[in-house]
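Here's a quick look at one model, starting with a helix pair and then moving on to confidence and cysteines. Have the viewer open as you read.

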Amino acid sequence: MGPQRLVAFSSRSSRREGWEAPRPAGRGRALVEALAMVGDPTSYPLVFHCAAGKDRTGVVMALVELLLGVPLEHVVADYMRTAANMDVVVARLRRWPRYADNMAKLPAEIYRCEEHVIRGLLDG
């Protein structure tokens, strides 16, 4: 058994192996769809991921943990576990042309995992 659909946080739509990544009306809607899938046992088994683990995956996982009653400090600590791997992640992304081109145009801090970012999102 596999997922019946894939919720994409990308602005692009893609089709692969019979799965369709819809173009939701904004990333907020995609986030709601992702959380709905996590809460729906008919979606299991379920895997979600992104290239680095701090943005799409980190936000979804943080929200799932909060919905399950995990204390905020533990959620932040879990999110920050990605920080230890960011040098390796950034090096890997630089080898992929799609990311390398984009990384050259963006400030380096976008590719850091910083506590104030997740706290700002969750406290806001």
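Is the crossing of α3 and α6 left-handed or right-handed? The crossing of these two helices is right-handed, that is, the near helix is turned clockwise from the far one by less than a right angle. This is a predicted model, where local features need pLDDT of at least 70, side-chain atom pairs count only at pLDDT 80 or more, and totals for chains, interfaces and linings use all residues. Residues are numbered from 1 along each chain as its sequence is written, and side-chain values use heavy atoms, with hydrogens and water left out.

**The helix pair**

α3 and α6 pack at an angle of about 140°, and their axes are 10 Å apart. That makes α3 oblique to α6 (neither under 35 degrees, nor over 145, nor 65 to 115). On the α3 side, the contact (heavy atoms within 4.5 Å) includes Leu 72, Val 76 and Met 80; on the α6 side, Val 117, Ile 118 and Leu 122 are among those taking part.

**Confidence**

The protein averages a pLDDT of 80 (the predictor's confidence in each residue, from 0 to 100), and 77% of the residues score at least 70. Strand β1 (residues 14–16) has the lowest mean pLDDT among the elements, 39, while helix α3 (residues 72–80) has the highest, 96. Over residues 10–24 the pLDDT is below 50, though this stretch still has 24 contacts in the model beyond near neighbours in sequence.

**Cysteines**

Searching the whole structure turns up zero disulfides (cysteine sulfur pairs within 2.5 Å). Two cysteines are buried (under 20% relative accessible area, with a 1.4 Å probe and protein chains only):

| Residue | Relative accessible area |
|---|---|
| Cys 50 | 15% |
| Cys 113 | 8% |

Key:
Helices (H or I, at least four residues) and strands (E, at least two) are DSSP runs, numbered from the N terminus. Buried means under 20% relative accessible area, exposed over 50%, partly exposed in between (1.4 Å probe, protein chains only). Axes are lines fitted to C-alpha atoms, for helices over the stretch in contact, and angles run from 0 to 180 degrees between N-to-C directions.
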